[in-house]
Amino acid sequence: MATNLFDDFNPISSKQWKQKIQFELKGADYNETLVWNSPEDIQVKPFYHKDEFTKAFSVSTKATEFKICQNIFVYDVEKSIERARDSLSRGANSLRFTIENESIDITNLLEQLPLEKVTVYFNLAFISIDFVRKIDAFAKQNKTVIFCNLDPIGQLAKDGNWFTTKEKSNFDTLNLLSAATPSVSLISINTALYQNAGANMVQQIAYSLGQANEYFNRIENINQPIVFEVAVGTNYFFEIAKLRALRLLFNLIAKEYNHNLDCNIIVSPTKRNKTLYDYNVNMLRTTTECMSAIIGGADAIANLPYDALYHKDNEFGDRIARNQLLILKNESYFDKVNNPADGSYYIENLTNQLAEKALALFKDIEANGGFLKQLNEGIIKRKIQESADTAQELFDSGKEILLGTNKHPNKQDKMKHDLELFPFVKVKPRKTLITPIIERRLAEKIEQERLDLE
């Protein structure tokens, strides 16, 4: 019979722990010294104890089943097929194709790939009923799991305009597609836009739920899972809690519409904290971000190559990014246990607080006309900008640190000769219905100044 060795020790209450800590502080104030406030206005304590913990919810995640996703931009179909085959042979078990125009031979692309056990995502820069019908026909015939990731509201938020369609509105097109393409998932929500633009975690969750609620109200039949495309940063435990809270609240809201399918969450590391100089540090950042994604319950993870800011897609960067996930899966055993965050008082507490605050913000948005109304009025953009400005001030003052950029920079590091891509916000004057939400990295100003001096 197993012996519980802890029976030899008297239990210690949270009150006793706090008294011991206050003694060690030698007169310093406990709250001022050890309790800190997050950008979401969550007070983080130095320790969490079971006698202060109440499990108010249950989040089911399947870390054992997370997919390693390879991003592929499709310009030349044959080259994309070759790259997809190579990625699958090297450990990827999911593919995400970005397609910008409907002239691409989508049937040929899919038919040339071994997709029996592969999940496929599409990021389409357009909505075309005929194009999606071809994808649906392939999915039905081959029983392939395909997500089309159509997000008209996200398009409006990011570009300032809706997709161009023959129908009166993008929602009319989605309704037609929903009836005509039952074998594929259509709807996605681009949560990453809000993170990369500087929104805090409560805003990211609430705005995503607001978008989902708009789709539930405007699309008559949603018979496939909704996809959330999420970006995660380096606030390790908070990012774990963010993904758990998002899944928890989505299921809560979906039940009100008799939608009983769990959402599908595909995660990528954020671009917001990535840097041009000392770029190898990006690998450290993306590693912990992928760890948060796995523990938080991502269904698929598409890692960001360390050189994605300034290099075009290349075999070396892709291989390093993919291998980071393979090491986490096969050598660090991150895929051995489902619900790995269960039982952590800290993570459970963070999940609960993020969920409560995000639900309160979601309810406030709905009480004031809904997400789409506030997006059109510029309220969503203004709120995100306020959060982004606060984070930028912390970075500019040195309180928010990006190693190699605003702390311990290598002054000998030169990057101007290595730029294949423009790594800063691009200005594209055009007529828009609303002012777009702009993604911006924290280090852009410093990097532009350094490049000018090279």
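1. Let's start with Cys263. This cysteine is buried, with a relative accessibility of 3%. "Buried" here is shorthand for under 20% relative accessible area, so a value of 3% puts Cys263 in that class. Keep in mind that this is a predicted model. Does Cys263 have a sulfur partner, and if not, how far away is the nearest cysteine sulfur? Cys263 is in no disulfide, and the nearest cysteine sulfur, that of Cys69, is 16 Å away. A disulfide needs two cysteine sulfur atoms within 2.5 Å, so 16 Å does not qualify.

2. Now look at Cys290. Its relative accessible area is 2%, so Cys290 is buried. Cys290 is in no disulfide either, and the nearest cysteine sulfur is that of Cys69, 11 Å away. The count for the model comes to zero disulfides.

3. Cys290 sits in helix H11, where it is one of the buried residues. The helix covers residues 281–296, which makes 16 residues. From its first C-alpha to its last, H11 reaches 23 Å, close to the 22 Å expected at 1.5 Å a residue. Right after the helix comes Gly297, and the phi of Gly297 is positive, near 105°.

4. How many of the 16 residues of H11 are buried? Twelve are, so H11 is largely enclosed by the rest of the structure. Among the buried ones are Val281, Asn282, Arg285 and Thr286, and also Met291, Ile294 and Ile295. And what covers them? The cover includes strand S8, helix H10 (236–256), strand S9 (264–269), strand S10 (300–301) and helix H12.

5. S8 (residues 227–232) deserves a point of its own. Six of its six residues are buried, so this strand is mostly covered. In a regular strand the side chains alternate between the two faces of the sheet. For S8, one side holds Val227, Glu229 and Ala231, while Phe228, Val230 and Val232 are on the other. These residues are all buried, and both faces of S8 are covered.

6. Which strands does S8 pair with? On one hand there is S9: six bridges join S8 to S9, and the two run parallel. Find Val230 in S8 and you will see Val267 of S9 standing opposite. On the other hand there is S7, which runs parallel to S8 and is joined to it by three bridges. There, Ser188 stands opposite Val227 in S8.

7. Carry on to S7 itself, residues 185–190. This strand is mostly covered too, with six of its six residues buried. S7 also pairs with strand S6 (residues 146–150): two bridges join them, and they run parallel. In this pairing, Leu150 stands opposite Ile187 in S7. If you trace the pairings in the viewer, you can go from S6 to S7, from S7 to S8, and from S8 to S9.

8. H12 came up as part of the cover of H11, so have a look at one of its residues, Asp318. The helix runs over residues 315–330. Is Asp318 buried or exposed? Asp318 is buried, at 9% relative accessible area. Leaving aside neighbours within four places in sequence, Asp318 is in contact with Gln70, Arg83 and Pro305.

9. For a contrast, try Ala125. You'll find Ala125 in the loop between strand S5 (119–124) and helix H5 (129–142). At 45% relative accessibility, Ala125 is partly exposed. Not counting residues up to four places away in sequence, Ala125 touches Ile99, Glu100 and Phe163. Phe163 is 38 residues from Ala125 along the chain, yet their C-alpha atoms are separated by 8.1 Å.

10. Finally, zoom out to the whole chain. It has 16 helices and ten strands. Of its 454 residues, 50% count as buried. A compact globule with 454 residues would have a radius of gyration near 22 Å, and the protein chain has 23 Å, which agrees. The C-alpha atoms fill a box of roughly 70 × 60 × 50 Å along the principal axes. Among contacts with a separation of 6 or more, 78% join residues 24 or more positions apart. The accessible surface comes to about 22,700 Å², and 50% of that surface belongs to carbon and sulfur atoms.

Notes. Residues numbered from 1 in each chain as written. Predicted model: local features only at pLDDT ≥ 70, side-chain atom pairs only at ≥ 80, totals over all residues. Heavy atoms only, no water. Buried < 20%, exposed > 50% of the residue type's maximum accessible area, 1.4 Å probe, protein only. Helix = DSSP H or I, 4+ residues; strand = E, 2+ residues; numbered from the N terminus. Pairing = 2+ DSSP bridges. Contact = heavy atoms within 4.5 Å. Rg over C-alpha atoms; globule rule 2.2 N^0.38 Å. Areas by Shrake-Rupley, 256 points an atom, 1.4 Å probe, with all protein chains shown as cover. Expected span 1.5 Å × (residues − 1).
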